[in-house]
Amino acid sequence: MDASAPHTAAATPDYTAFLQQQLASQPHNVMAHVLGDEQIWIKRAGAPHGMGRYRAMAVLAALLRLDALRPVPNPGDPRAIATEVQRLRDLATRGIRVPAVLAALPNGFAMRNLGSGGEETHSLGNEIDHAVQAGDTATALALWQQGLDTLAQVHRAGTCLSQAFARNLVRCPDGEVACIDFEDDPAAVLPLAVCHVRDALCYAHSTAIYLHTSGTLAEGRERWAAWVAQGSAEMREVLATSVRRMGWMRHLPASRKLGRDLQRVRAAYDLVAWDPMKR
């Protein structure tokens, strides 16, 4: 090669053309692909979702008088794709770490992998669980706090997540947390303060059991109370009302014999219902 020849920058991949090709051929709705030297994910629209379960959830929320349980419909067709693309782009402009949208079509979109090259990423829930299983309670608490801090960042940015379970918070290779899965938009149907409480309760439901099983619930309660105190007055009021209306949960048995799901509900209540003023 002639050393004097000018260097030619690598051409930018045609993400839209690649997306169109893979949408027509990939066997699953969500798949990873390699394009050039990067890994990307392509998500294709699925079949429409039935509305029966949403109506049932609406009835339950009304009976319990819990606005945070009001359902947020996910149609599951190209409308869900449009919602997710819009939400990913909006969150990115607000400084929230999310997968970058590379190309979008009505029936699917392409997003960049959160890790570089072949680096793996794991959900925050899995990382907390692994730390608990290893007996590393300090790391488990630090990871749990990282999830709370991510929610606080999202809320300060004037928005919310969709389903703020720990499985939808991803630990990137650099140690930062990214957010995924935005097929619905709670803020389109619920007041923002209710959306923030919904985020909080989803996170508590998916993680409080780790505090319970690792013997760190007391420390977790202190951290939870500090996190709640940073929220808006409207959010704190909605959360306090929700917790009062969930009081019946204190009577749920904590026995493992009755199933992990019931344990999660009871552990979450034991976390969120703790009142530092009554110590």
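## Helix α3 and its buried face

Right after helix α3, G95 adopts a positive phi of about 85°. Keep in mind as you look around that this is a predicted model. The helix itself covers residues 78–93, which makes 16 residues. From its first C-alpha to its last, α3 reaches 23 Å, close to the 22 Å expected at 1.5 Å a residue.

Which residues of α3 are buried? They are A80, I81, E84, V85, R87, L88 and L91. Looking down the axis of α3, you'd find these buried residues within an arc of 170°, so they line one face of the helix. That face packs against three strands: β2 (38–44), β3 (101–105) and β4 (108–112). Over on the other side of α3, R79 and T93 are exposed.

## The β3–β4 hairpin

Two of the strands that the buried residues of α3 pack against, β3 and β4, are also partners of one another. They run antiparallel and are joined by four bridges. To pick out one pair, A103 has A110 in β4 as its bridge partner. The link from β3 to β4 is a hairpin that passes through two residues.

## E183 and its contacts

Now for a loop residue. E183 sits in the loop between β7 (177–179) and α6 (192–214). Leaving aside residues up to four places away in sequence, E183 touches K43, N74, A80, T83 and E84. Two of these names, A80 and E84, also appear among the buried residues of α3.

What does the side chain of E183 do in the way of polar contacts? It makes one with the side chain of K43, at 2.9 Å. Another polar contact, of 2.8 Å, joins the side chains of E183 and N74.

## A three-stranded open sheet

Elsewhere, three strands come together in an open sheet, in the order β5-β6-β7, with antiparallel pairing. The edges are taken by β5 (122–123) and β7, and each has a single partner strand, so one side of each is left without a neighbour in the sheet.

Take a look at how β5 meets β6 (residues 169–171): they pair in the antiparallel sense over two bridges. In one of them, S123 has V170 of β6 as its bridge partner.

## Helix α5

Helix α5 spans residues 137–156, so here's a quick check on its length: at 1.5 Å a residue, its 20 residues should span 28 Å. The C-alpha atoms at its ends are indeed 28 Å apart, which agrees. Just past α5 there's another glycine to spot, G158, with a positive phi of about 80°.

## The cysteines

How many disulfides does the model have? The count comes to zero. C179, for one, is in no disulfide: the nearest cysteine sulfur belongs to C172 and is 9.3 Å away. C179 has 1% relative accessibility, so it counts as buried.

Why does C195 not bond to C160? The closest cysteine sulfur to that of C195 is the one in C160, but at 4.1 Å it is too far for a bond, because a disulfide needs sulfur atoms within 2.5 Å. C195 counts as buried as well, because its relative accessibility is 1%.

Terms used
Residues are numbered from 1 along each chain as its sequence is written. This is a predicted model: local features need pLDDT of at least 70, side-chain atom pairs count only at pLDDT 80 or more; totals for chains, interfaces and linings use all residues. Side-chain values use heavy atoms; hydrogens and water are left out. The expected span of a helix is 1.5 Å times one less than its number of residues. A polar contact is a pair of N or O atoms within 3.5 Å; within protein, one must be able to donate a hydrogen and the other to accept it, and residues adjacent in sequence count only if both atoms are side-chain atoms. Contact means heavy atoms within 4.5 Å. Buried means under 20% relative accessible area, exposed over 50%, partly exposed in between (1.4 Å probe, protein chains only). The arc is that of the directions from the helix axis to the C-beta atoms. Two strands pair if DSSP finds at least two bridges between them.
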